[in-house]
Amino acid sequence: MSKRREQPDKGRAPLQSPPPAWQRRVEPWLPALLAVLGLVVYSTGLWGPFVFDDVAAITRNSRVQELWTVLIHVAAGLTLYGLARRTLLMPRLADRYRDSAPWLALAIAALWMVHPLTTEAVTYVVHRGESMAGLCALLVLYCAARGATSPARCWFWYPGAIAAGWIGFGCKEVMIVVPLVLLIYDRVFLAPSWSELAWHRGVLYAALLPPILWLGWLYSPDLQQWVRSKMARPAAVAQAPAPHATTPLKVPGATPQKTGAPTQTPSQARPSLSERPADDGDHKATRWEYFRSQPGVVLHYLRLAVWPDGLCVDYGWPVAKSA
């Protein structure tokens, strides 16, 4: 009798051999290795000189604040490690990267942590707001991923994502892109459909909306002026004297009493984006000039991400003259 050769099942993923014992013993120590790497690389920056805004802004506990920026960056690297590892272990990628997920996550986080392009946010102490916003952005993604993959504890992770988002919005305005990044990440790795995304995490996205509206209010002086004018008009009508009202008696030597809301001086008003000085001298850049200058800036930094040559703390980027 001839033996029939068994044909492999093409629909089934090939069986992978388990990782060696030493690899399983080392994997729990990878986050500690990543933290030590970040502390060693940026330890020399703790004794660097203060430049530009650092001189006026950092007046007390200077070395403590430098250490704080390093710790923020290390915490962001650890958060990125956890996010990358959990992403590689999700159902869409687990069959291929289950055994190598911790090591790939270590490589991703280490490359980002020691990349020369991130040094300005660490060693330029005034830019700690950038580092804190980046840490909060990664925490939003990490907490959302943990909540989606741990339904029993989503009550803990989803509020954590909301808290990280609100704190990040208070640190830096660039957090405005985080809800969109989270939406893309959610649809690609977490939710199989838009309807399921809205059903399971619609409240999360709704909770991240108020800070965006708040930022829109802060940086819309025209809208603020319009709202104040609408609110001040009824008050002015209410304070107007009646037709038959008697005029108050003027006493010689008495100080007249002021009524109504105090007038805001120009120095007290919050400057708009168009009132902030540009990088090329005394010229006041408009919003359109900022907008048309961004493509060149973004392309420049994308090139530096691939080949970080010629880095500078202040590029003196000129305002683009045309789109």
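Biologist: What pLDDT does the protein chain average?

Modeller: The model is predicted, and pLDDT is the predictor's confidence in each residue, from 0 to 100. In the protein chain, 73% of the residues score at least 70. The average pLDDT of the chain is 78.

Biologist: Over which residues is the pLDDT below 50?

Modeller: In the model, the stretch in question has 33 contacts beyond near neighbours in sequence. Where pLDDT is low, the predicted coordinates should not be read in detail. The stretch with pLDDT below 50 is residues 258-282.

Biologist: Which element of the protein chain has the highest mean pLDDT?

Modeller: At the low end is helix H3 (residues 53-57), with a mean pLDDT of 60. The highest mean, 95, belongs to residues 178-190, which form helix H10.

Biologist: How many helices does the protein chain have?

Modeller: From the N terminus on, the order of elements is α-α-α-α-α-α-α-α-α-α-α-α-α-α. Strands number zero, and the count of helices is 14.

Biologist: Among contacts between residues at least 6 apart in sequence, what share joins residues at least 24 apart?

Modeller: A contact here is a pair of heavy atoms within 4.5 Å. For the protein chain, the share joining residues at least 24 apart is 69%.

Biologist: Is serine 131 buried or exposed?

Modeller: Serine 131 sits in helix H8 (residues 128-149). Leaving aside neighbours within four places in sequence, serine 131 contacts Ile72, Ala121 and Val122. Its relative accessibility is 9%, and the cut-off for buried is under 20%, so serine 131 is buried.

Biologist: Which helix gives the most residues to the nonpolar patch?

Modeller: The patch covers about 370 Å² of surface and is made by Leu39, Leu67, Trp68 and Leu71. Leucine 71 is found in helix H4, and it counts as partly exposed because its relative accessibility is 40%. With three residues, the greatest contribution comes from residues 62-88, helix H4.

Biologist: How many disulfides does a search of the whole structure find?

Modeller: A disulfide is a covalent bond between the sulfur atoms of two cysteines. Cysteine 143 is buried, at 9% relative accessible area, whereas cysteine 154 is partly exposed, at 26%. The number of disulfides found in the whole structure is zero.

Biologist: What percentage of the accessible surface of the protein chain belongs to carbon and sulfur atoms?

Modeller: Of the 323 residues in the protein chain, 29% are buried. The accessible surface of the chain comes to about 22,200 Å², and the part belonging to carbon and sulfur atoms is 65%.

Definitions and conventions: Residues are numbered from 1 along each chain as its sequence is written. This is a predicted model: local features need pLDDT of at least 70, side-chain atom pairs count only at pLDDT 80 or more; totals for chains, interfaces and linings use all residues. Side-chain values use heavy atoms; hydrogens and water are left out. Helices (H or I, at least four residues) and strands (E, at least two) are DSSP runs, numbered from the N terminus. Buried means under 20% relative accessible area, exposed over 50%, partly exposed in between (1.4 Å probe, protein chains only). Patches are made of residues with over 30% relative accessible area and no salt bridge: like charges are joined within 9 Å, nonpolar side chains (Val, Leu, Ile, Met, Phe, Trp, Tyr) within 5 Å. Accessible areas come from the Shrake-Rupley method with a 1.4 Å probe; for residues, only the protein chains shown count as cover. A salt bridge is a side-chain nitrogen of Lys or Arg within 4 Å of a carboxyl oxygen of Asp or Glu. A disulfide is a pair of cysteine sulfur atoms within 2.5 Å.
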